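Thanks for making the time this morning. I would like to walk through one protein with you, going from single residues out to the whole chain, so please have the viewer open as I talk.

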Amino acid sequence: MPRTSKSSKLTLGVLGAGEMGAAIAARFVIAGYETLGLLEGRSSESLRRAGEAGLRDAGGAAQLASACDIVFSVLPPSEAESAASLVADGMRRGRKRVCFVEANAISPKLTMRIAGFFRDLNAVYVDGGIVGSPPDNARRPRLFVSGACVSELHELDGTAFDLVELGPEIGKASGMKMVYASLTKGVNALLAAGLLAAEEMDLLAALVDELGGSQAELLRRAEENIPRLPADSARWVREMEEIRDTFAGCDLPGGFHQGAAEIMDMLSRSPFGTETRRTRDMSRGMLDTVSAVARSRKRRDSGD
């Protein structure tokens, strides 16, 4: 993998080798940064992605904290708290100042609790939220940040992400991620729910005809997104629950996204729930996806 030299001696850590984490690590490596992770116990697919990205195993949390100037946590939200605790424990064994960027899809309440792990350490805690697709040669996501924003992060602006600062208050960046995902992933979950309900009432074909005439853009969105939702749905269950908690913290109803979490869980338990973005059947369309998910749900409910 080609590298471009950097005058900086920054060493970066990336927790997570999913689609986003591995892609971010790859852009750091291409830019010439030494990039480390914690790979013990990760799945074979994660290890393959890490290898392709050039992400090296640090060997443990203490070694990661001793080697890295900045650590980015880019994990499924269910792993955010335990991963941060592990890194904080590793930092207690060393003296190096480390910037920890909590960039997972979690609620402001949870990110503030995680910030407490680093309060008495030689650490800078950055609340972060990633919006957009994994980086490649043609595009970069936005990394929204709040709380402290160290100069080292400015150096990384334009490598794996475009940096957007939201001020000094921890919770702003995670809140931005939550409200953005509430609309994007939340709408996709609502589309899936509406189509599944139509299928249950033998109205799917009629609904699609009506959408094609009166809501063509909505139908295009459903056709594009519904077939690929199962590949990501398992890790999005917790994200929808974090959005629910975010709304509750704003004294707004969280039931919308509790329902979205249940739809994501349903999709994850369908015949397509074991797919990944790389392995999913690209030829399967919206109608086949909805019909198969509805059938599997009936079989599961009947105990077959």
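Let me begin with Gly259, which is partly exposed because its relative accessible area of 28% falls between the limits of 20% and 50%. Before going further I should say that this is a predicted model, and that what I report is computed from it. Gly259 sits in helix H11, which runs over residues 255–268. If you look for Asp57, you will find that its C-alpha lies 38 Å from that of Gly259, the two residues being 202 apart in sequence.

From there, please step back along the chain to the loop between helix H10, residues 229–249, and H11, which is where Asp251 lies. What is the sign of phi at Asp251? It is positive, at about 60°, although Asp251 is not a glycine. As background, most residues other than glycine have a negative phi. Asp251 is also exposed, since its relative accessibility of 73% is over the 50% limit.

There is a second residue to consider under this heading, namely Asp202, in the loop between helix H7, residues 172–200, and H8. Its phi is near 55°, again a positive value in a residue other than glycine. Is Asp202 buried or exposed? With a relative accessible area of 72%, Asp202 is exposed.

Helix H8 itself covers residues 204–214, and Leu207 has its place there. Leu207 is partly exposed, at 29% relative accessible area. Setting aside the neighbours within four places in sequence, the residues in contact with Leu207 are Gly194, Leu195 and Ala198. Cys250, on the other hand, is 43 residues from Leu207 along the chain, and their C-alpha atoms are separated by 35 Å.

That brings me to the cysteines, and to a question some of you may raise: how many disulfides does the model have? The count comes to 0. Cys68, for instance, is in no disulfide, because the nearest cysteine sulfur, that of Cys99, is 11 Å away, whereas a pair would have to be within 2.5 Å. Both of these residues are buried, with a relative accessible area of 0% for Cys68 and 2% for Cys99.

Now let me turn to the chain as a whole. The protein has 12 helices and 8 strands. Its radius of gyration is 21 Å, close to the 19 Å that the globule rule gives for 304 residues, so the protein is as compact as a globular protein of that length. The C-alpha trace spans about 65 × 45 × 40 Å along its principal axes.

How much of the chain is buried? Buried residues make up 50% of the 304 residues. Turning to contacts with a separation of 6 or more, 69% of them are between residues 24 or more positions apart.

Finally, a word on the surface and the charges. The accessible surface comes to about 14300 Å², and 51% of this belongs to carbon and sulfur atoms. There are 38 positive and 41 negative charges in the protein, and the mean positions of the two sets are 5 Å apart.

If we go back to the viewer for discussion, I would suggest starting with the two loop residues, Asp202 with its phi near 55° and Asp251 with its phi of about 60°.

Notes
Residues numbered from 1 in each chain as written. Predicted model: local features only at pLDDT ≥ 70, side-chain atom pairs only at ≥ 80, totals over all residues. Heavy atoms only, no water. Buried < 20%, exposed > 50% of the residue type's maximum accessible area, 1.4 Å probe, protein only. Helix = DSSP H or I, 4+ residues; strand = E, 2+ residues; numbered from the N terminus. Rg over C-alpha atoms; globule rule 2.2 N^0.38 Å. Contact = heavy atoms within 4.5 Å. Areas by Shrake-Rupley, 256 points an atom, 1.4 Å probe, with all protein chains shown as cover. Lys, Arg positive; Asp, Glu negative; His and termini not counted. Charge placed at Lys NZ, Arg CZ, Asp CG, Glu CD.
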